[in-house]
Amino acid sequence: MLSRSVTIMGIVNVTPDSFSDGGRFLDPQSAIAQARSLAAAGATVIDVGGESTRPGATQVGAQQELDRVIPVIEAISDELDITISVDTRKAVVMREAVAAGAHWINDVEALQGEGALGTASALQVPVCLMHMQGTPGSMQDAPQYRDVVTEVEAFLLERVRVCEAAGISRERILLDPGFGFGKTLTHNVALFRALPRLAALGFPLLVGVSRKRMLGELLQAGAASPAGRVTAGAVAAVLAVQSGARIIRTHDVEETVQALQILQALASDQ
């Protein structure tokens, strides 16, 4: 069994255009089956998203997002004894998703959207605050930082301050540096190497690099497609946990769980 100190978050994208598995789980029954499979493989959190935030993506309407995620969240809640996270930036989706059975909010905009902060505070559920430079539609056009680690750290701490002022307790806050969200490969590598520093801020640290372009760029030839980055993602998950990450968000739960089980068995400090 995997250590309780590490949480595996399995991804269920109920979208037609996600970068890795766009369209595969758009049908609610396919999404529910995928959630069931991820839970059986060892996920203890299922992250359900109805809007792609891949580079170049456009925002979808609230009703469309609700139509995608609510039936899936309701079905997972009815069938599985598992924590459900809703991946959204919209206050109305947060509210309806929690009413349908979601336990966490995972927001790529760190509760900066209209009504999001007040809604998350009122719902009294854990929230994951992620750093993103720009918006999904333009974030990879030309991301620039003077010091990416310092700037990401400062942003996350400021969002923590804002959340606390709004009534969200520290115990309900998770942080995500946002790999690939308005960042070049150089920025991503610098952030990954700084994970111990970010983990030392005192909040559970979520790392999501599963199948992302940064892995393909590091591998260079032979891993152009997201499906070709599974092994790389499992290795990155091990390194992230060794650096202080406590939640791993992944498409590939079985491979990630196995990699972390080997870490736990063979590393003396785990």
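Is Arg170 buried, partly exposed or exposed, and what is its relative accessibility? At 40%, Arg170 counts as partly exposed. The views below are close-ups of a predicted model.

**View 1. Glu164 and Arg170 form a salt bridge.** Their closest N and O atoms are 3.5 Å apart. Glu164 is partly exposed, with a relative accessible area of 32%. Arg170 is partly exposed too, at 40%. Side chains of opposite charge can pair when their charged atoms come close.

**View 2. Arg249 meets Asp47 in a salt bridge.** The closest N and O atoms of this pair are 2.8 Å apart. Arg249 sits in strand β8 (residues 247-250) and Asp47 in strand β2 (residues 45-49), so the salt bridge ties together parts that are 202 residues apart in sequence. Arg249 has a relative accessible area of 17% and is buried. Asp47 is buried as well, at 1%.

**View 3. Glu153 and Arg197 join two helices.** The two residues form a salt bridge, with 2.9 Å between the closest N and O atoms. Glu153 belongs to helix α5 (residues 148-165) and Arg197 to helix α7 (residues 195-199). Along the chain, they are 44 residues apart. Glu153 is buried, at 15% relative accessible area. Arg197 is partly exposed, at 38%.

**View 4. Five residues share a network of salt bridges.** The members are Glu51, Glu65, Arg89, Lys90 and Glu109. In the whole structure there are 11 salt bridges.

**View 5. Eight strands form an open sheet.** The order is β6-β5-β4-β3-β2-β1-β8-β7, and the pairing is parallel. Strands β6 (173-176) and β7 (206-207) stand at the edges. Each has a single partner strand, so one side of each lacks a neighbour in the sheet. Further in, β3 (residues 83-87) pairs with β4 over 3 bridges, in the parallel sense. Here Ser85 stands opposite Trp104 of β4.

**View 6. Val93 is buried in helix α3.** This helix spans residues 91-100. The relative accessibility of Val93 is 0%. Beyond its neighbours within four places in sequence, Val93 contacts Ala62, Glu65, Leu66, Val69, Val86 and Thr88. Thr119 is 26 residues from Val93 along the chain, and their C-alpha atoms are separated by 10.0 Å.

**View 7. Ala110 and Leu111 have positive phi values.** Neither residue is a glycine. Phi is about 55 degrees for Ala110 and near 65 degrees for Leu111. Ala110 lies in the loop between β4 (104-107) and α4 (116-123). Leu111 is found in the loop between β4 and α4. Ala110 is buried, at 0% relative accessibility. Leu111 is buried with a relative accessible area of 2%.

Notes
Residues numbered from 1 in each chain as written. Predicted model: local features only at pLDDT ≥ 70, side-chain atom pairs only at ≥ 80, totals over all residues. Heavy atoms only, no water. Helix = DSSP H or I, 4+ residues; strand = E, 2+ residues; numbered from the N terminus. Buried < 20%, exposed > 50% of the residue type's maximum accessible area, 1.4 Å probe, protein only. Contact = heavy atoms within 4.5 Å. Pairing = 2+ DSSP bridges. Salt bridge = Lys/Arg side-chain N within 4 Å of Asp/Glu carboxyl O.
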